[in-house]
Amino acid sequence: MTADIAIVGGGVCGLALALNLHRRGISAKVYERAPEIRELGVGITLLPHAMREFTALGLAGELMQAGIENRESCFFNRFGQLIYREERGKFAGYAYPEIGIHRGRLHLILYRAARERLGPDRVATDHQCIGVEQDEGGVALMFTETSSGRRLAPVRASAAVACDGINSVIRRQFYPDDAVAFAGINTWRGVTRRKPILTGRSYLRIGSILTGKIVIYPIIDDVDGAGNQLVNWMAEIKRDTFAPNDWNKPGDLRDFYPLYESWRFDWLDVAELIRRADFVLEYPMVDKDPLHRWTFGRVTLAGDAAHPMYPRGSNGAAQGAIDARMLADCLAAHGDPRAAFGAYEAARREATARVVRTNREHPPDFINIKVEELVGDRPFADLDDFITQDELRALSERYKRIAGFSLADVAAEAQ
């Protein structure tokens, strides 16, 4: 079997790449390890530069309908005091909205679009990649059937793109000592059905990782016909004594709930929000050090396989979607996929490395950390005695510029 471009991994980046290639008339096939695509997971935020990419693929209407358009981003200390507020998406003057959405809904929208446009036979599930070989004429991909473990026939293609995530098999083939970087931050995620918080379109960051932090935003409106929303939340704690959380097991309230038990504000009972969750998952906050090389002949890396980053600032999906568009552009412009991959890497590798480093050192919630350092771990009477709103705004704008979604950046890329 031969496909022009074999895409290993049918997540956000892999499916976006397939759709971008199809738009440019380039044949591709996706190989996804999951036996079936289901609506799994918790929430994700699609920033304006992510929505720019999905709008170009004709998916904006579906995503808007499936999620919630964020109006504002609010930063609070752990005592419930407002530190800083800014409008988001179209309310901040962007041409594109900012959307909070269930990750499983996003995945299914991309999956259905790929099957409809490329054809159902161009998205193969139940394919676990175990390695890739190449010669002058193309690549050969080896797979097992995920559900049974049996070996499948090799797949030939002119080139391969690894979109198989942070635990990429193909990345490990080229970097055998590849390992995640864990800096002592663990996270717990859940979704809770409840009445809207503040505007019902508010993205909230409360506290800091030093003393306990939680991110909260709605992802489904009127989830039960009674006006309740499905609200996504992620608790983050940094401890020198932590071992990494386990991706493969549910979270245990006893591991983190006591830190938030007293967080009961007049506008939100955080403890109740956590306690009433439909389920709780646990994850380590990990990334990987930026690589000096993504491309090896007819094979290249994209998305989390290339540049896994901390899930801060809602930027991972956006960077993967940008990879997909730029990689498709390069393949359309170059007859030889090896030249195309080189051009793509030159355009994207250092840009994404900056985002990885910024998410480690100065993420958007650096605002919360900065205020806690200046004020101390206590309520304030007048925040302007310590830092002004203009100074806080400058911190926010700095992150947006580095991450590539300042108002000017998003408008320029749309030209």
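K213 is buried in this predicted model, with a relative accessible area of 2%. This lysine belongs to strand β14, which covers residues 212-220. The points below describe the surroundings of K213, then a buried serine, two residues with positive phi, the cysteines and a pair of helices.

**Lysine K213 in strand β14**

- K213 counts as buried because its relative accessible area of 2% is under the 20% cut-off.
- Leaving aside neighbours within four places in sequence, K213 is in contact with I206, G207 and S208.
- Under the same condition, K213 also contacts M234, A235 and E236, as well as Y260, W263 and D365.

**Serine S168 before helix α5**

- S168 is located in the loop that runs between β11 (155-162) and α5 (169-174).
- The relative accessibility of S168 is 1%, so this serine counts as buried.
- Two backbone nitrogens are reached by the side chain of S168: that of I170 at 3.3 Å and that of R171 at 2.9 Å.
- When residues up to four places away in sequence are not counted, S168 touches A162 and A305.
- S168 and C129 are separated by 39 residues in sequence, while their C-alpha atoms are 9.2 Å apart in space.

**Two residues with positive phi**

- D126 has a phi near 65°, a positive value in a residue other than glycine.
- The position of D126 is in the loop between β8 (123-124) and β9 (127-135).
- Is D126 buried or exposed? With a relative accessibility of 12%, D126 counts as buried.
- L198 is not a glycine, yet its phi is positive, at about 50°.
- L198 is placed in the loop between β12 (181-194) and β13 (202-208).
- The relative accessible area of L198 is 43%, so this leucine is classed as partly exposed.

**Cysteines and disulfides**

- A disulfide is a covalent bond between the sulfur atoms of two cysteines.
- How many disulfides does the structure hold? The structure holds zero disulfides.
- C163 is in no disulfide, and the nearest cysteine sulfur, that of C13, is 3.9 Å away.
- The distance of 3.9 Å between the sulfurs of C163 and C13 does not meet the requirement of a disulfide, because the two sulfur atoms would have to be within 2.5 Å.
- C163 is buried, its relative accessible area being 9%.
- C330 is likewise in no disulfide, and its nearest cysteine sulfur, again that of C13, is 13 Å away.
- C330 is buried, with a relative accessible area of 11%.

**Helices α10 and α11**

- Two packed helices are described by the angle between their axes and the distance between the axes.
- The axes of helix α10 (residues 366-375) and helix α11 (residues 389-403) come within 10 Å of each other and cross at roughly 145°.
- The crossing in which α10 passes α11 is right-handed.
- Which residues of α10 meet α11? On the α10 side these are F366, I367, K370 and V371, and they meet L392, L395 and S396 in α11.
- Grouped by class, the contact of α10 with α11 has five nonpolar residues, one polar residue and one charged residue.

Methods
Residues are numbered from 1 along each chain as its sequence is written. This is a predicted model: local features need pLDDT of at least 70, side-chain atom pairs count only at pLDDT 80 or more; totals for chains, interfaces and linings use all residues. Side-chain values use heavy atoms; hydrogens and water are left out. Axes are lines fitted to C-alpha atoms, for helices over the stretch in contact, and angles run from 0 to 180 degrees between N-to-C directions. Helices (H or I, at least four residues) and strands (E, at least two) are DSSP runs, numbered from the N terminus. A crossing is left-handed if the near helix is turned anticlockwise from the far one by less than a right angle, and right-handed if clockwise. Contact means heavy atoms within 4.5 Å. Ala, Val, Leu, Ile, Met, Phe, Trp, Tyr, Cys and Pro count as nonpolar, Asp, Glu, Lys and Arg as charged, and the others, Gly among them, as polar. Buried means under 20% relative accessible area, exposed over 50%, partly exposed in between (1.4 Å probe, protein chains only). A polar contact is a pair of N or O atoms within 3.5 Å; within protein, one must be able to donate a hydrogen and the other to accept it, and residues adjacent in sequence count only if both atoms are side-chain atoms.
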